[in-house]
Amino acid sequence: MASEVTKWTGMNDLSNAPRQRKPDWIRVKAPVSKGYHETRQLMRDLGLNTVCEEAACPNIGECWTKKHATVMILGDVCTRACAFCNVKTGMPRKVDPLEPENTAIAAAKMGLEHIVITSVDRDDLPDGGAGQFVKVIKALRRETPDTTIEILTPDFRGKMREAVEAICEAGPDVYNHNLETVPRLYPTIRPGARYYASLRLLEEVKRHDPMIFTKSGIMLGLGEQRLEVHQVMDDMRSADVDFITMGQYLQPTPKHAKVEDFVTPQVFSAYGAVARAKGFLQVASSPLTRSSYHAGDDFAAMRAAREERLEKARAKN
């Protein structure tokens, strides 16, 4: 595994490539609010990691000011080396047994109505880390029963079916797994994963429990073509994905894949209109859209959209 990581890290080392200047629509203010610092301190006190920090999310100031944070379980070291991701790569430490309970404590202290839980890839674990997701969901149900739960999982390579079954049995409200980009770009952007394996995971969630909302997202600006994006939308709909997110890829460091194009807000709006026409219950498409950005509001809207669709179906019968 170490040799594979070295191979892909070297291939994607673009430290000599010039970085494009961000356009005005992608710039955000530095986080300085009291709410931001309180959220940061709470995460430190409980020994929790957040994808907000590890992935250098541009929305961290806004979200943490509102005391919204996406907890990243299973440590802060990933066993993969994707060309777009800012999370550290290497051999992770042992899984923290206190992480589920501390996640629930954080949710209770922040008064969260909706929480998003994600993780690093843990190819070193027999279950890929699925058991820790189950423990976190159970701890949240026990400590904050009114909080709706959204999970964003890895692909559980080689153990997907068992992992999905265990997690679905725990009963999250939303199951998110991102396709990240178009199939053509997987060898350089997401080398440790397989596009159709990720699609099968999303299908497996619905096969196990059709009532769990499913969600997936892609980044734009990596060199994808318009028709390729439309095909990804069709693939998601064929897997009965309820919610699609589309956001601008931002290069975390010079060693990561470069930004090929800063997609304008108008183009994001056009993609969003196409996605809605294809039948998604919920669509989020803008330069600053990220998987967990405004996740609580989006979940409420998605749930309402499903109810409306079911009502219309009942009226016809």
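Where is E180 found? In this predicted model, E180 is found in the loop that runs between β7 (174-176) and α8 (186-189). This report begins with the protein as a whole and then returns to that loop and to other selected sites.

## The protein as a whole

The secondary structure comprises 12 helices and 10 strands. The protein has 317 residues, and 53% of them are buried. Among contacts with a separation of 6 or more, 76% are accounted for by residues 24 or more positions apart. The exposed surface comes to about 14900 Å², and carbon and sulfur atoms supply 52% of that area.

## Two residues with positive phi

Most residues other than glycine have a negative phi. E180, however, has a phi near 75°, a positive value in a residue other than glycine. E180 counts as buried because its relative accessible area is 15%, under the 20% limit.

F156 also carries a positive phi, near 50°, and is likewise a residue other than glycine. F156 is located in the loop between β6 and α7. With a relative accessibility of 2%, F156 is buried.

## Strand β8

Strand β8 spans residues 213-220 and includes G217; S216 lies in β8 as well. S216 has a relative accessibility of 0% and therefore counts as buried. G217 is buried too, with a relative accessible area of 4%.

Leaving out residues up to four places away in sequence, S216 touches N176, H177, N178, L179, L202, M236, V241, F243, I244 and T245. With the same exclusion, G217 touches N178, L179, E180, M236 and T245. E180, the residue of the opening question, is thus one of the contacts of G217.

The side chain of S216 also reaches the backbone nitrogen of L179, at 3.1 Å. Two C-alpha distances place the strand relative to residues further along the chain. S216 and M233 are 17 residues apart in sequence and 9.7 Å apart in space, while G217 and V232 are 15 residues apart in sequence and 9.7 Å apart in space.

## Three buried loop residues

T147 is placed in the loop between α6 (130-143) and β6 (148-152). A relative accessible area of 5% makes T147 buried. Apart from neighbours within four places in sequence, T147 is in contact with L112, E113, H114, I115, R141 and D173.

Y249 lies in the loop between β9 (243-248) and α11 (265-277). Y249 counts as buried, at 2% relative accessibility. Not counting residues up to four places away in sequence, Y249 touches A83, F84, M219, L220, L222, H256, A257, K258 and V259. M219 and L220, which appear among these contacts of Y249, fall within the residue range of β8, 213-220. Y249 and P287 are 38 residues apart in sequence, and their C-alpha atoms are 8.2 Å apart in space.

S291 is found in the loop between β10 (282-285) and α12 (295-316). S291 is buried, with a relative accessible area of 15%. When neighbours within four places in sequence are left aside, S291 is in contact with E150, L152, N176, N178, K215 and T245. N176, N178 and T245 are among the residues that S216 touches.

The side-chain polar contacts of these loop residues and of S216 are set out below.

| Side chain | Partner | Distance |
|---|---|---|
| T147 | backbone oxygen of L112 | 2.8 Å |
| Y249 | backbone oxygen of A257 | 2.4 Å |
| S291 | side chain of N178 | 2.7 Å |
| S216 | backbone nitrogen of L179 | 3.1 Å |

## The pairing of α6 and α7

Two packed helices are described by the angle between their axes and the distance between the axes. How do the axes of α6 and α7 (residues 160-170) lie with respect to each other, and what angle do they make? The axes come within 9 Å and cross at roughly 0°. Helix α6 is therefore roughly parallel to α7.

On the side of α6, the contact is made by A130, F133, V134 and I137; on the side of α7, A163, A166, I167 and A170 take part. By class, this contact has eight nonpolar residues, with no polar and no charged residues.

Helix α6 also borders the loop that holds T147, and α7 borders the loop that holds F156.

Notes. Residues are numbered from 1 along each chain as its sequence is written. This is a predicted model: local features need pLDDT of at least 70, side-chain atom pairs count only at pLDDT 80 or more; totals for chains, interfaces and linings use all residues. Side-chain values use heavy atoms; hydrogens and water are left out. Helices (H or I, at least four residues) and strands (E, at least two) are DSSP runs, numbered from the N terminus. Buried means under 20% relative accessible area, exposed over 50%, partly exposed in between (1.4 Å probe, protein chains only). A polar contact is a pair of N or O atoms within 3.5 Å; within protein, one must be able to donate a hydrogen and the other to accept it, and residues adjacent in sequence count only if both atoms are side-chain atoms. Contact means heavy atoms within 4.5 Å. Axes are lines fitted to C-alpha atoms, for helices over the stretch in contact, and angles run from 0 to 180 degrees between N-to-C directions. Angles under 35 degrees count as roughly parallel, over 145 as roughly antiparallel, 65 to 115 as roughly perpendicular and the rest as oblique. Ala, Val, Leu, Ile, Met, Phe, Trp, Tyr, Cys and Pro count as nonpolar, Asp, Glu, Lys and Arg as charged, and the others, Gly among them, as polar. Accessible areas come from the Shrake-Rupley method with a 1.4 Å probe; for residues, only the protein chains shown count as cover.
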